[in-house]
Amino acid sequence: MYEFMLHSSIKGYATFQEFAQAEELRENDLIITNEFIFDPFIKPCGVPCHTLFQEKYGAGEPNDEMIDAIRADIPQDTARIIAVGGGTVIDIAKVLTFTGDWNTEDIFMGRVVPHKSRRLLVIPTTCGTGSEVTNVTICELRGLKTKKGLALDTMYADCAILIPEMVRTLPYQFFATSSIDALIHAVESYLSPKAIAHSEAFSEKAIDLIVKGYRYVEAHGAQSWTEQAEQFLIASNFAGIAFGYAGCAAVHAMSYPLGGKYHIPHGEANQLMFAAVLRKYAEKQPVGKLNALEAIFAKALGVSVEQALPELYRLMETILARKPLREYGMTLEEFPVFADSVIEGQQRLLKNNYVALTREDMIEIYNSCH
C-alpha cells in the first residue's frame, strides 16, 4: 500500500507584483527574506506587510540561535508567513509557523510537539532546494555542535509559489551549488527503496531538465544559465516533490559533517560526496536500479550506458569544479569520526540508500575524496 500526495498547492506568477496582488498581501502578513531580494523585487511593490531580514540575525545556513532570535521579533498578530529566499530562509520560516513555549533545540531534539498556527507561503529564489514542497528543514544546533534534520508534515508549505524573475539575478555560484543539489535530490530519490512510479516520474523529469540545462550552459557559457532559469526552477520543484516522498540518502547524510564543521555550502558539500557514493554503490551492487539510472543519464547525455555516469561527473564539474577534501583542511584522521556521526545521527537518510553502507564503506568514500 502507498499514498502519494502533493501536500502544498503550487502556483506560478510572472512577477512578485502579480503574486502580491493575487494573494492580497496585508498588514498581518510577515515576509521573511534577504535585503538584497527585498530591494529590487518587493520594495517597489509597496506591500503593507511586516518584513524581517534573515541576515540581520546571522550569516550562513540556519542555526538555532538565529531562529530563536527571529522568532522573538515576529509580530503577535501574524497570520501568514511568506518566505522569499533560498534554503536558509525557507527552512527558518517552516519552524516559525509554530507557536508555543519552546526553543529551536527543543523542536529538533524531539522534546516538544510543535503546533502550527500560521499559514506558510514559500517563494524560492534559488533553483535547488525544492524546500517549497517538502516537510524537511535542516538546522545547526550550536550548543550540541551538530546539524540536525527534521521532517514533520506540519512543515509543508500551504502554497509554493514559482516566480522565474526571482531566480534570474542569482549569482552564478549560487545557481551552480543549488542546481547540483536539485540534481542530487532527483538521483537519490530515484534510487531510494521508497520510490514508486509517481515519485520516479518527477525524478526522471528533473534529471532530464537539469542535464539539458547544463549542456546548454556548457555550450553557451556560464551566464547563459539565466536563459534556462525557468526550467531549472521547475526541475528543482520536481526534484523536491520526488525526494519529499522517497527521501534523500547517503550523499546528503555524508555531506552533513562537511557542512557542519567546515561550513561548506550544502550543494557543494553534496557534490563532494556524490560520485564517490555512486561508485561505492556500483561496487557493492552493480546490477539493480542503478542500471536504470544509468540508462536515464545515457539518454539525457546522448552517450552509451557505460559512459553515462563518467560523462555526468565531467559535466557537473564544468558547472562547479570539485575540490579534494584536503583543500578544505580536512585530514584522514577525521573521517572515522565523520562516519560515526553519520551512523549515529543520519539514520533517517541512510535507510533510503540504494544499498547499505558500512562504517568502513563510509571511511573509504571519504578517503577517496581526500
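Two rings of Phe, Tyr or Trp are taken as a pair if their centres lie within 6.5 Å, the six-membered ring standing for Trp. By this rule, the count in the structure, which is a predicted model, comes to 16 aromatic pairs. One of them joins Phe38 and Phe53, with 5.4 Å from centre to centre and 70° between the planes, an edge-to-face arrangement. Phe38 belongs to helix 2 (residues 35-42) and Phe53 to strand 3 (residues 50-53), so this pair ties together parts that are 15 residues apart in sequence. Both rings belong to buried residues: Phe38 has a relative accessible area of 15%, and Phe53 has one of 17%. Elsewhere, ring pairs link Tyr172, Phe175, Tyr214, Trp225 and Phe232 into a cluster.

Aromatic faces also take part in contacts with charged side chains. Arg71 lies over the face of Trp102, at 3.6 Å from the ring centre. Lys289 is placed over the face of Tyr190, and the value to the ring centre is 4.5 Å there.

Phe232, a member of the aromatic cluster, is also among the buried residues of helix 8. Helix 8 covers residues 229-246, 18 residues in total, and reaches 26 Å from its first C-alpha to its last. This span is close to the 26 Å expected at 1.5 Å a residue. The buried residues of the helix are Ala229, Phe232, Leu233, Ala235, Ser236, Asn237, Ala239, Gly240, Ile241, Ala242, Phe243 and Ala246. The elements that cover these residues include three strands, namely strand 1 (9-12), strand 7 (119-124) and strand 10 (159-162). Helix 6 (172-191) and helix 7 (197-220) are also included in that cover. After helix 8 comes Gly247, whose phi is positive, near 90°.

Helix 15 (residues 359-368) has as its buried residues Asp361, Met362, Ile363, Ile365 and Tyr366. These residues pack against helix 9 (250-262), helix 10 (266-284), helix 13 (335-345) and helix 14 (347-350). Asp361 of this set also takes part in salt bridges, as described next.

The structure holds 20 salt bridges. In one of them, the side chains of Lys280 and Asp361 meet at 4.0 Å, N to O. This pair links distant parts of the chain, with Lys280 in helix 10 and Asp361 in helix 15, 81 residues apart. Lys280 counts as buried because its relative accessibility is 5%, below the 20% limit. Asp361, at 9% relative accessibility, counts as buried as well. A salt bridge also joins Asp361 to Lys284, at 2.6 Å from N to O. Asp361 lies in helix 15 and Lys284 in helix 10, so this pair ties together parts that are 77 residues apart in sequence. Lys284 is partly exposed, with a relative accessible area of 35%.

A salt bridge within a single helix is formed by the side chains of Arg314 and Glu311, at 2.8 Å from N to O. Both residues lie in helix 12 (residues 305-319), 3 residues apart, about one turn of the helix. An α-helix has 3.6 residues a turn, so residues three or four places apart point the same way. Arg314 is partly exposed at 36% relative accessibility, and Glu311 is partly exposed with a relative accessible area of 23%. In addition, salt bridges that share partners join Lys280, Glu283, Lys284, Asp361 and Glu364 into one network.

The cysteines were examined for covalent links. The structure holds 0 disulfides. Cys49 is in no disulfide, and the nearest cysteine sulfur, that of Cys45, is 10 Å away. A disulfide requires the two sulfur atoms to be within 2.5 Å, so a separation of 10 Å for Cys49 does not qualify. Cys49 counts as buried, at 11% relative accessibility. Cys139 is likewise in no disulfide; for this residue the nearest cysteine sulfur is that of Cys248, 18 Å away. Cys139 also counts as buried, at 1% relative accessibility.

Definitions and conventions:
Residues are numbered from 1 along each chain as its sequence is written. This is a predicted model: local features need pLDDT of at least 70, side-chain atom pairs count only at pLDDT 80 or more; totals for chains, interfaces and linings use all residues. Side-chain values use heavy atoms; hydrogens and water are left out. Helices (H or I, at least four residues) and strands (E, at least two) are DSSP runs, numbered from the N terminus. The expected span of a helix is 1.5 Å times one less than its number of residues. Buried means under 20% relative accessible area, exposed over 50%, partly exposed in between (1.4 Å probe, protein chains only). Contact means heavy atoms within 4.5 Å. Rings of Phe, Tyr and Trp (its six-membered ring) pair if their centres lie within 6.5 Å; planes under 30 degrees apart count as stacked, over 60 as edge-to-face and the rest as tilted. A charge sits over a ring if NZ of Lys or CZ of Arg is within 6 Å of the ring centre and within 35 degrees of the ring normal.
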